[in-house]
Amino acid sequence: MCTNDPHLLPAYASKRKHRSKPKVQIHGLTRRRCEAEEGRDMQLRNIKLYLENQSIIEENDKLRKQANLLHQENLALKSEFRKKFSH
């Protein structure tokens, strides 16, 4: 008689063979893995937003300089206009 045959073993013995690790550990590992992935996703998202913000700041500075030059040109043209037509 073979003792490894699952049909010949008592019911409680065959159930023990098929048990896996406790679900608490599996859920804990899965949760930690999920949290780690979420952390990496959040870091990647933060980096992308940071780079986008830097790009917006650079564009804003460029536009501010352009607006300042246009304002200076406008003041010069107004001054020239006043000189021409004030006499």
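Here is a short conversation about a predicted model of one protein chain.

Reader: Let's start with the overall fold. How many helices and strands are there in the chain?
Author: Happy to begin there, and do keep in mind that this model is predicted. Helix H2 covers residues 23-85. For the chain as a whole, the count is two helices and zero strands.

Reader: What percentage of the residues in the chain is buried?
Author: A residue counts as buried when its relative accessible area is under 20%. The chain has 87 residues, and the buried share of them is 1%.

Reader: And what is the accessible surface of the chain, and what part of it belongs to carbon and sulfur atoms?
Author: The accessible surface comes to about 9,000 Å². Of that surface, the part that belongs to carbon and sulfur atoms is 57%.

Reader: I'd like to look at charges next. How many salt bridges does the structure hold?
Author: Good choice! Side chains of opposite charge can pair when their charged atoms come close. One such contact joins Glu59 and Lys62, and another joins Asp61 and Arg64. The number of salt bridges in the structure is two.

Reader: Where do Glu59 and Lys62 lie, and what is the N to O distance in their salt bridge?
Author: Both residues lie in helix H2, three residues apart, which is about one turn of the helix. Glu59 is partly exposed, at 38% relative accessible area, whereas Lys62 is exposed, at 53%. Their side chains meet with an N to O distance of 4.0 Å.

Reader: Now for the other salt bridge: are Asp61 and Arg64 buried, partly exposed or exposed?
Author: These two are three residues apart in helix H2, so about one helical turn separates them. Their side chains meet at 3.2 Å, N to O. The cut-off for exposed is over 50% relative accessible area. Asp61 has 35% and is therefore partly exposed, while Arg64, at 51%, is exposed.

Reader: Which residues gather in a patch of negative charge on the surface?
Author: Asp41 is a handy place to start looking, as this residue lies in helix H2. Asp41 counts as exposed because its relative accessibility is 52%. The residues that gather in this negative patch are Glu35, Glu37, Glu38 and Asp41.

Reader: Which residues make the nonpolar surface patch of about 330 Å²?
Author: You can find one of them, Tyr50, in helix H2. The residues that make this patch are Ile47, Tyr50 and Leu51.

Reader: On to the rings. How many aromatic pairs does the structure hold, and what is the angle between the planes?
Author: The structure holds one aromatic pair. Phe81 and Phe85 form this pair, with their rings 4.8 Å apart, centre to centre. Planes under 30 degrees apart would count as stacked and those over 60 as edge-to-face. This pair counts as tilted, with an angle between the planes of 50°.

Reader: Last one from me: are Phe81 and Phe85 buried or exposed?
Author: The two are four residues apart in helix H2, so they are separated by about one helical turn. Exposed means over 50% relative accessible area. Phe81 stands at 52% and therefore counts as exposed. Phe85, at 62%, also counts as exposed.

Notes:
Residues are numbered from 1 along each chain as its sequence is written. This is a predicted model: local features need pLDDT of at least 70, side-chain atom pairs count only at pLDDT 80 or more; totals for chains, interfaces and linings use all residues. Side-chain values use heavy atoms; hydrogens and water are left out. Buried means under 20% relative accessible area, exposed over 50%, partly exposed in between (1.4 Å probe, protein chains only). Patches are made of residues with over 30% relative accessible area and no salt bridge: like charges are joined within 9 Å, nonpolar side chains (Val, Leu, Ile, Met, Phe, Trp, Tyr) within 5 Å. Accessible areas come from the Shrake-Rupley method with a 1.4 Å probe; for residues, only the protein chains shown count as cover. Lys and Arg count as positive and Asp and Glu as negative; His and the chain ends are not counted. The place of a charge is taken as NZ of Lys, CZ of Arg, CG of Asp or CD of Glu. Rings of Phe, Tyr and Trp (its six-membered ring) pair if their centres lie within 6.5 Å; planes under 30 degrees apart count as stacked, over 60 as edge-to-face and the rest as tilted.
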